[in-house]
Amino acid sequence: MVRKKLDARVRTLIERSVVTGQRSMLVLVGDHGKDQVPNLHQLLARTSVKARPKVLWCYKKELGFSTHRMKRMKKIKRDKARGLAKGTLGNDEDQSADNFELFISSTDINWCYYRDTHRVLGSTVGVLVLQDFEALTPNLMARTIETVEGGGLVIFLMRTVKSLKQLYSMSMDVHSRYRTEQSGDVVPRFNERFILSLGKCANCLVCDDELNVLPLSKSALRRLGDGSDGNNLIQKGDAGEVVMRKSKEDIELEELKESLSDTPHVGVIVNLAKTLDQARAILTFLEACSEKTSRSTVALTAARGRGKSAAIGLCLSGAISFGYSTICVTAPEPENLVAVFDFVLRGLKALKYQEHLDYTVSYNTASGRDQTKCIVGVDVHRDHKQSIRYVRPDEPDKFASAELVAIDEAAAIPLPTVRALMGDRLTFMSSTINGYEGTGRALSLKLLKELRDSKGRGGLDAATAAAGAIVGSKTKKGEAKVHEQRWAAAAAAAADAQNAAANSGPLREIELSTPIRYSLGDPIESWLNKLLC
């Protein structure tokens with residue numbers, strides 16, 4: 001078998017992505033593109049010092065090969081009996097088949113139908129393979145690409161075409177919904193938008209099924225050059241792996257965790273944070289829990305993938321350790337709280353709580369492949385009875401006895417409902433403010449503005465009340481200097497109200513900017529937002 005040298009630009013793209021913590025994307029055009037997936041996976045595994053990357057392989061209905069080990073073994077035995085065993089002829093197809101067989105048997109691969117991709121939310125993989133391009137939709141792309149970690153690889157598999165312009169007019173599965181006798185043919189505008197956007201993505205290369213780089217990737221080709229200087233810019237170890245360096249934020253996060261290691265209730269929770277922004281957000285949440293101030297609101301806003309739900313879940317477990325008895329969590333649907341309850345359990349485990357001995361978990365009654373089985377409640381019974389329960393936002397009566405209310409994805413809930421849920425209690429809110437999933441502009445422009453203005457109104461009301469409390473003589477106001485006393489009392493009351501609002505006021509705002517899975521400024525994230533927004 002004749003070995004072919006890999007294009008240096010493909011290797012440089014993957015190595016730079018590992019060093020910077022950014023994701024890279026390859027579009028393989030050709031019927032044999034799947035045979036290059038083992039080679040790319042091996043290249044990524046050699047570049048990184050971590051364990052072999054996990055693979056998420058998504059497809060429509062038919063893979064074109066069997067993933068069942070026993071079925072593959074039976075097929076090999078049948079081929080041997082017929083004299084058609086792989087590798088007996090020694091040609092290129094047999095060698096690539098053996099390589100693919102070894103890849104399937106030795107790699108952790110999650111095979112997933114496109115219709116079941118809602119089950120992979122919250123998971124993290126190193127390599128994503130998207131097969132059957134005609135079955136893709138914008139929702140499926142956004143849902144699956146966000147599971148790839150920094151330094152990971154996104155691979156699109158497309159069939160052989162004579163020209164990439166043929167993809168413009170490709171009939172997609174979703175078009176069948178809109179094709180009627182009156183409307184006629186559907187113009188696939190998204191296909192053209194998708195193909196043209198690939199040339200503007202800085203971390204994307206379009207290759208054929210032999211990994212020859214096609215000239216469509218203009219932005220990436222200008223950035224990579226000919227790939228010959230990539231090895232001079234990237235430091236490698238003795239085994240050829242890329243040498244990773246800690247960033248300034250990683251060092252600050254380690255110092256923060258070390259400084260809080262001896263702090264009860266807080267150190268173990270902050271130790272689970274992945275970024276410095278998330279650690280500071282958790283500290284703000286736990287500070288509000290420790291004060292137990294009524295009518296205090298902590299609002300957390302961030303883009304998608306910043307760890308908002310994880311921070312909420314960790315803080316709810318911290319609230320249990322602070323002694324809160326009744327905690328209600330709400331979201332548009334219980335499936336939106338999968339990550340929240342997952343990190344609630346992680347936080348309880350870090351706080352030395354044991355399942356069945358110290359707490360029990362209750363699930364919903366979901367059935368069928370379209371519904372997701374998820375946690376809807378955690379009952380703690382170590383010191384006294386405590387509970388974290390999911391309550392639908394349209395049932396305000398069930399929030400009456402809650403000491404703490406957590407609202408996840410608050411932008412997806414009607415604003416009057418959110419305002420009614422706050423009440424005279426500690427409230428946590430988190431919302432996505434930008435991106436393709438929906439924005440929280442109504443939340444930030446109306447509700448949060450009202451809470452900000454309430455700080456000023458609180459000082460004005462306190463000053464007015466303090467001034468009105470001083471009563472002087474009606475005949476000799478000049479001698480008694482009543483006006484001066486009122487002014488001094490009003491100024492002191494306003495200053496006290498301002499200090500109280502700064503420390504434990506009605507609103508504390510937190511914003512997360514650093515992504516959890518990948519580094520800040522990831523080109524794939526900006527490409528996805530421009531494509532889908």
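Colleague: What makes S9 and strand S10 (residues 375-380) a pair?

Modeller: Two strands pair if DSSP finds at least two bridges between them; S9 and S10 have five bridges, in the antiparallel sense, so the criterion is met. In S10, Gly377 is the bridge partner of Ser362. Strands here are DSSP runs of E with at least two residues, and helices are runs of H or I with at least four, numbered from the N terminus. This is a predicted model, in which local features need pLDDT of at least 70 and side-chain atom pairs count only at pLDDT 80 or more, whereas totals for chains, interfaces and linings use all residues. Residues are numbered from 1 along each chain as its sequence is written, and side-chain values use heavy atoms, with hydrogens and water left out.

Colleague: Why do strand S9 (359-363) and strand S14 (507-512) stand at the edges?

Modeller: The open sheet has eight strands in the order S9-S10-S11-S8-S12-S13-S7-S14, with mixed pairing. S9 and S14 each have a single partner strand, so one side of each lacks a neighbour in the sheet.

Colleague: How do you know that helix H11 (residues 276-291) packs on the sheet?

Modeller: Contact means heavy atoms within 4.5 Å, and H11 touches strand S7 (297-302), strand S12 (404-407), strand S13 (426-432) and S14. The direction of H11 makes about 160° with that of S14; axes are lines fitted to C-alpha atoms, for helices over the stretch in contact, and angles run from 0 to 180 degrees between N-to-C directions.

Colleague: What percentage of the protein chain is called buried?

Modeller: Buried residues, those under 20% relative accessible area (1.4 Å probe, protein chains only), make up 46% of the 533 residues.

Conventions: Buried < 20%, exposed > 50% of the residue type's maximum accessible area, 1.4 Å probe, protein only.
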